[in-house]
Structure formats: C-alpha cells, structure tokens
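Thanks for sharing this one. Here are a few notes to read alongside the coordinates.

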Amino acid sequence: DRHDGHASGGIGFGGRAETAADLAALMRSGQAAQPQLRAHVLPAALVAKAADAAAGAFVQAVERGVSVIITLPAFDATGAGDTDRMEQLVLQTIFALAGWGTDTSVGVFQLRQGRLLSLQGGVMVYQVDFVISDQLRISS
C-alpha cells in the first residue's frame, strides 16, 4: 500500500516524521543547520464550510490543513546541488499523502500547495500543504 505509514513511513526520512514540538525545540536549540534531513508534520489551517442543523444534530463541513516541513542540508551556498534531492523528497511526500484518508475523516488528503521557505545557514526548508475534508457533528 503506497500510503502505509503515510508521512512517517519510508518516504526518505528514515521512517520517521517529527512533530511541531520537535521543530520548536530544534529552532530554540540553534541546531537547525546541523546536517540531517528532517520532516516535521504540523497542524495548519482549519476552514469552516457549509453548516446544517436538523433532526437534533448540527453538522458542518470543515477542511483541516496539515503542513509537512522538510529540512535538507544544503552543501553549497545556492542550494543548486540539493534542488533535485529536495524535489524528489517533495514528490515522495505528495505521493505518500495525496489520496490517503484516516478512518475518521470524510475525505482524503489533497495537495494544496508547496513552497520554498528558506535557503539560509546551510539548510533548505520546504513546506508542503495538504487539506482533508471532514465534518463537525454535534448531537443535541
């Protein structure tokens, strides 16, 4: 199954993805530029959609966003030599998540966008954003 383990499984990140807390700790430590490939999975946007209240229940469609932050050591000042590797990691991340859904969500992950965030201090940082459709259900 191409989605086995989704973001934390075998994409090229050594079978692991780290959390927002891990990313914050790394940034505080000042060691973000250490030569190690990393992926951090972060909660992102929550967007409300149409709502309906009927038959004793409130139901509202929502889109939940998830961002994957990829940090890759850049071994030259321009990052030119690392661009192909980053592109492959981005594509592997997309192939692992796009179309995969959780047991509790209504939809599946869809690619929203990707962008280079930084190329400083010997580290290339790229963000890939996904959204998944879900429902907020409240019984009265």
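**Notes on the core and helix α2**

1. Please keep in mind that this is a predicted model. A good place to begin is V128, which touches V66, S67, V68, I70, V90, I94, L111, Q113 and G114 once residues up to four places away in sequence are set aside.

2. V128 is also among the residues with the most contacts inside the largest nonpolar core, together with V68, I70, M86, V90, F109 and F130. That core has 18 residues. Two or more of its residues come from each of β2 (57-73), α2 (83-97) and β4 (123-139).

3. Now for the helix. The buried residues of α2 are M86, L89, V90, T93, I94, A96 and L97. They lie on the same side of α2, because they cover an arc of only 165° around the axis. The background is familiar: an α-helix has 3.6 residues a turn, so residues three or four places apart point the same way.

4. Cover for the buried residues of α2 includes β2, β3 and β4. On the face turned away from the buried side, you will find the exposed residues D84 and F95.

5. The length of α2 checks out: at 1.5 Å a residue, its 15 residues should span 21 Å, and the end C-alpha atoms are 21 Å apart. After α2 comes G99, with a positive phi near 90°.

6. Finally, have a look at Q113 in strand β3 (residues 110-120). Q113 counts as partly exposed because its relative accessibility is 38%. Beyond its neighbours within four places in sequence, Q113 is in contact with Q127, V128 and D129. From Q113 to S67 is 46 residues in sequence, and 9.5 Å in space from C-alpha to C-alpha.

How values were computed
Residues are numbered from 1 along each chain as its sequence is written. This is a predicted model: local features need pLDDT of at least 70, side-chain atom pairs count only at pLDDT 80 or more; totals for chains, interfaces and linings use all residues. Side-chain values use heavy atoms; hydrogens and water are left out. A nonpolar core is a set of buried Ala, Val, Leu, Ile, Met, Phe, Trp, Tyr and Cys residues joined through side-chain atoms within 4.5 Å. Buried means under 20% relative accessible area, exposed over 50%, partly exposed in between (1.4 Å probe, protein chains only). Helices (H or I, at least four residues) and strands (E, at least two) are DSSP runs, numbered from the N terminus. Contact means heavy atoms within 4.5 Å. The expected span of a helix is 1.5 Å times one less than its number of residues. The arc is that of the directions from the helix axis to the C-beta atoms.
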